[in-house]
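Me: I am new to protein structures and would like a close look at a single part of this one. Could you walk me through one helix and the company it keeps?

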Amino acid sequence: MIYDLAIIGGGPAGLMAASRASELGAKVIIIEKNRQPGIKLLLTGNGRCNITNRIEDHKILASQYGPNGKFLLSGFSKFDAENTIEYFENRGIKTKVENNNRVLPASDNARDVLTALLIDLKQHQVTIQTGVPVAKINTADQKISQLVLATGEEVVAKNYLIATGGKSYPLTGSTGDAYSWLQKMGHTINKPTAALTPIIIADKFVATLEGLSFKNVLLAVKQNTKVIAKEQGDIIFTSTGLSGPAIINLSRLIAAQPIHNTKLVLDLFPSQSEKELQTNLQTAWQEQPNKTIKNSLSILTSPKFIDLILSRVKIDPTKKVNSVTREERNSLVTALKFFMLNISRLEGFDKAVITKGGVKISEVNPKSMRSKLISNLYLAGEILDLDGPTGGFNLQICWTTGYVAGENAI
Ligand SMILES: Cc1cc2nc3c(=O)[nH]c(=O)nc-3n(C[C@H](O)[C@H](O)[C@H](O)COP(=O)(O)OP(=O)(O)OC[C@H]3O[C@@H](n4cnc5c(N)ncnc54)[C@H](O)[C@@H]3O)c2cc1C
């Protein structure tokens, strides 16, 4: 059997491509090495699947992806965030919009998103071959001639789509198999790096803060005196460092930088200036002059963090607030507004939500997702050097590039 389109990888990009190509009448096969497709999709959004981010303006949407985002503009004109919502609503998935335009299934269940895609593919008679990886791609005359599976079986098609994802969360099947195939075919692979990861902190005391969370913290990454990245949002201390939405997004901004003498500065009270925080503390202390400083701070944060801060600024926790000196108050405020940690490194691919880097986008036609080097090869999803922050942006890359590839690769 010669297929119109053979897709390697049954993740969101491959499934969307198969949906569009088969809707247009193409004979499609997906080869997925796991026993079932969409394993990573099931993990998205902590099992709730943040499907997309409802930004209607294409330029604003593209700008969320950094300089490479412009590549997506042409794709958005075919299939944008609104089309994604419509696609799933038309297949029975009611959606809801949460904070920062994040779109999720109303059921809060990623499995419903996967099921909708799989039902669609069944209706269009897409073959999904699971449990065996593609081991090799044969080429002749700048074209792919066939795929060879690990069993030795050969799959032949008119066109081929590589949608094998990146290297993060390798247990889900995304093990970066395609990078070497693509390099052999002449493609440039911009170095894949783990991104959207927790941050490991060198200061051992962070372990004592495990589980402690703060809302709306302003984070600045400093190298020597230069601020190289900023982010604001919620954070949580882990046994080795920090995680949470703001940290995960910050990690993407520093993923490509060498981490050396790099500090993370936390402003735990960004809505108050140093002066305002000092005045507010002074007023509170004047109202209850006999309280210990530790008790007086308990309205601000947890006891274990207060102990740490007070030991850092060398103030006795049992000291009465009416005897705290102006210098002590100033240094306390400085510690809360500029809480400094030493970054050791970012977590690796095991804990990275996405892979930054991948196939150089100037080697791919943004209107069709066709390789500019291999005439019957198309690319979609995380294999491309495209990445966005958390909030549904990364799945939107897959829906858009998958849809465009599916429409053209037939
Ligand atoms: C924990 C977690 C939570 C996330 N949450 C969100 C979220 O809420 N919103 C969001 O926008 N993004 C989220 N992401 C990112 C999103 O999941 C990815 O960007 C997306 O899955 C990439 O899709 P893909 O189809 O390109 O690749 P993948 O999803 O990685 O799929 C690739 C598939 O190819 C298969 N494959 C690989 N090699 C071979 C081979 N040799 N032969 C056959 N098959 C092969 C793999 O088994 C895999 O199934 C999350 C990621 C993680 C890890």
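Reply: Happy to help; we will begin with the whole protein and then look closely at helix α1.

This is a predicted model, in which local features need pLDDT of at least 70, side-chain atom pairs count only at pLDDT 80 or more, and totals for chains, interfaces and linings use all residues. Residues are numbered from 1 along each chain as its sequence is written.

The protein has 13 helices and 18 strands. These are DSSP runs, numbered from the N terminus: H or I of at least four residues for a helix, E of at least two for a strand. Along the principal axes, the C-alpha atoms fill a box of roughly 85 × 40 × 35 Å. There are two domains, domain 1 (2-193 + 355-408) and domain 2 (198-347), with bounds that come from an automatic or database domain assignment. Their C-alpha centres lie 40 Å apart.

Now to α1, which covers residues 12-23. One partner is helix α6 (residues 110-123), packed against α1 at an angle of about 35° with the axes 9 Å apart. Axes here are lines fitted to C-alpha atoms, for helices over the stretch in contact, and angles run from 0 to 180 degrees between N-to-C directions. The crossing of α1 and α6 is left-handed; that is, the near helix is turned anticlockwise from the far one by less than a right angle, while clockwise would make it right-handed. On the α1 side, Leu15, Ala18, Ser19 and Ser22 meet Leu117, Asp120 and Leu121 of α6. Such residues are in contact if their C-beta atoms, placed from the backbone, lie within 7 Å. This contact is made of 4 nonpolar, 2 polar and 1 charged residues. Here Ala, Val, Leu, Ile, Met, Phe, Trp, Tyr, Cys and Pro count as nonpolar, Asp, Glu, Lys and Arg as charged, and the others, Gly among them, as polar.

Another partner of α1 is helix α13 (residues 393-408), again at an angle of about 35°, with the axes 7 Å apart. α1 and α13 cross in a right-handed way. Residues of α1 in this contact include Pro12, Gly14, Met16 and Arg20, and those of α13 include Leu395, Trp399, Tyr403 and Glu407. The contact of α1 with α13 divides into 11 nonpolar, 5 polar and 2 charged residues. Two residues to find on your screen are Ala18 and Ser19: they appear in the contact with α6 and also in the one with α13.
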